[in-house]
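Thanks for making the time this morning. I would like to walk you through one model, so please have the sequence and the coordinates open as I talk.

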Amino acid sequence: MSEAPAEKRLPNAAKPDGRIADNIVYFARTLRKAGMRVGPASIVEAIAAVEAAGIGSRDDFYWTLHAVFVKRREDRPVFDEAFRLYWRSRELIEKMIAMFSPQAAPNREPEKQRPGESRVSQAMFEGREKDRPLQEQPEIEVDARFTFSGNEVLRQKDFAQMTAKELDEARQALMTLHMPFDMVKTRRFRPDARGRRHDPRATMRAAMRTGGDFILPKFRSPREVHPPLVVLADISGSMSQYTRIFLHFMHALTARRRKVHTFVFGTRLTNLTRSMRYRDPDEALAECSDLVKDWSGGTRIGEALHTFNRLWSRRVLSQGAVVLLITDGLERDEIGSLETEMERLHKSCRRLVWLNPLLRFDGFEARARGVKAMLPHVDEFRAVHNLEALGDLVASLGSAGTRDADPRRWLQAVEQVAAG
């Protein structure tokens, strides 16, 4: 049998007037709705690239479109998920049937959500929700306190008691969070016509432009910047019901503010700052899951703080940093080192805020050894168990704090119980 001609083994040529061009246009619209920067020029380039390269294998087609549409690293997971859904008809049909079918889905273990899957699914099926039966959903809207609010039920419901649907609504509310406009003065200066400090260098530069004929004084004022925000979050077993929503909260902070450093600890300290910078929250949380090795384990607060003070304190606690310590204070080790490390952490930052979900109980008392050792070294003591508490926290970051969050009233209660 004679060998087939070489030209028949080449990729199939793509016709500019065929259906493949229309599919590329619709695919590009899906990418744009999912958050990627895809414009008309990119669509034209993609069609031209497919015409030039032809359609051979699925991998060749993938990399041809990838080379044109993916301009940033954070767009890679979104493109992968969109390509998987759009160019594999069998899975797309199954998703559409499952979405619009009135019958219950089979009872099986759900697959782990891929990074970018939620954004791509919303982009592909946008506008189809009108064909689905209407359901009552909590309404989320922005109020005037630089924070978020929904209806009273969702805002005041404990994270540990929320259903999966309510947690999803809470995550959407976190994405609308607005950071307060808190500024601190630095040692550097900026030109300011109304400043009180004379700027001799700027005055001489301005005089040299006129040959010294006019010497007009120039002024400057201290430069103001947002202070760094450092988050130390407990991920031990006693905090497992709140861990995931806290990670979404940290991701929202990182996305909307510069110089946010995120650390988690259980039996060891893990730096998640770089992972939290991923744009897609699903990808960020997936990276965090791969890095952290002590999920839902024991708690060694003193040892974790010792590691932070020794290795990271001088790197991240500068320019009046604010520290958010999220833990229930249930220390498993001796409290001697805990008190020492808390004192050192308090002296290294401008403001130390302790967020404790146990404050959701009306009868909470600071009787635990770890709580009593930590309270004297914090500036504020707040609850962090629902959306309303997180909203109050965000609003307070731009102010000097409130009397209700003063830890001294909890210490006085402990002293009164001990004296009585």
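I will take the salt bridges, then two helices, then a few loop residues and a surface patch.

Before that, the ground rules: this is a predicted model, in which local features need pLDDT of at least 70 and side-chain atom pairs count only at pLDDT 80 or more, while totals for chains, interfaces and linings use all residues. Residues are numbered from 1 along each chain as its sequence is written, and side-chain values use heavy atoms, with hydrogens and water left out.

Let me begin with the salt bridges, where the criterion is a side-chain nitrogen of Lys or Arg within 4 Å of a carboxyl oxygen of Asp or Glu. Searching the whole structure gives 7 of them, and I will show you three.

In one of these, glutamate 81 pairs with arginine 84, with the closest N and O atoms 2.5 Å apart. Both residues sit in helix 4 (residues 76-86), 3 residues apart, which is about one turn of the helix; helices here are DSSP runs of H or I with at least four residues, strands are runs of E with at least two, and both are numbered from the N terminus. As general background, an α-helix has 3.6 residues a turn, so residues three or four places apart point the same way. Glutamate 81 and arginine 84 are both buried, where buried means under 20% relative accessible area, exposed means over 50%, and partly exposed is in between, using a 1.4 Å probe and protein chains only.

Next, arginine 351 bridges to glutamate 380 with a closest N to O distance of 2.3 Å. Since arginine 351 belongs to strand 10 (residues 351-355) and glutamate 380 to strand 11 (residues 380-382), the pair ties together parts that are 29 residues apart in sequence. Glutamate 380 also bridges to arginine 382, at 2.8 Å between the closest N and O atoms. Through shared partners, Arg351, Glu380 and Arg382 are joined into one network. How buried are glutamate 380 and arginine 382? Glutamate 380 has a relative accessible area of 3%, and arginine 382 counts as buried at 12%.

Turning to the helices, helix 10 (residues 240-256) has 17 residues and reaches 25 Å from its first C-alpha to its last, close to the 24 Å expected at 1.5 Å a residue, the expected span being 1.5 Å times one less than the number of residues. Because 12 of its 17 residues are buried, helix 10 is largely enclosed by the rest of the structure; among the buried ones are Phe246, His248, Phe249 and His251. For the 15 residues of helix 1 (residues 19-33), the expected span of 21 Å agrees with end C-alpha atoms that are 21 Å apart. Just after helix 1, glycine 35 has a positive phi of about 110 degrees.

Which residue other than glycine has a positive phi, near 55 degrees? That is lysine 259, which lies in the loop between helix 10 and strand 7 (260-265) and is partly exposed at 39% relative accessibility.

Finally, Arg201, Arg205, Arg209 and Lys218 form a positive surface patch, where like charges are joined within 9 Å among residues with over 30% relative accessible area and no salt bridge. Lysine 218 is in the loop between helix 9 (200-209) and strand 5 (219-225), and is partly exposed at 36%.

Definitions and conventions. Patches are made of residues with over 30% relative accessible area and no salt bridge: like charges are joined within 9 Å, nonpolar side chains (Val, Leu, Ile, Met, Phe, Trp, Tyr) within 5 Å. Accessible areas come from the Shrake-Rupley method with a 1.4 Å probe; for residues, only the protein chains shown count as cover. Lys and Arg count as positive and Asp and Glu as negative; His and the chain ends are not counted. The place of a charge is taken as NZ of Lys, CZ of Arg, CG of Asp or CD of Glu.
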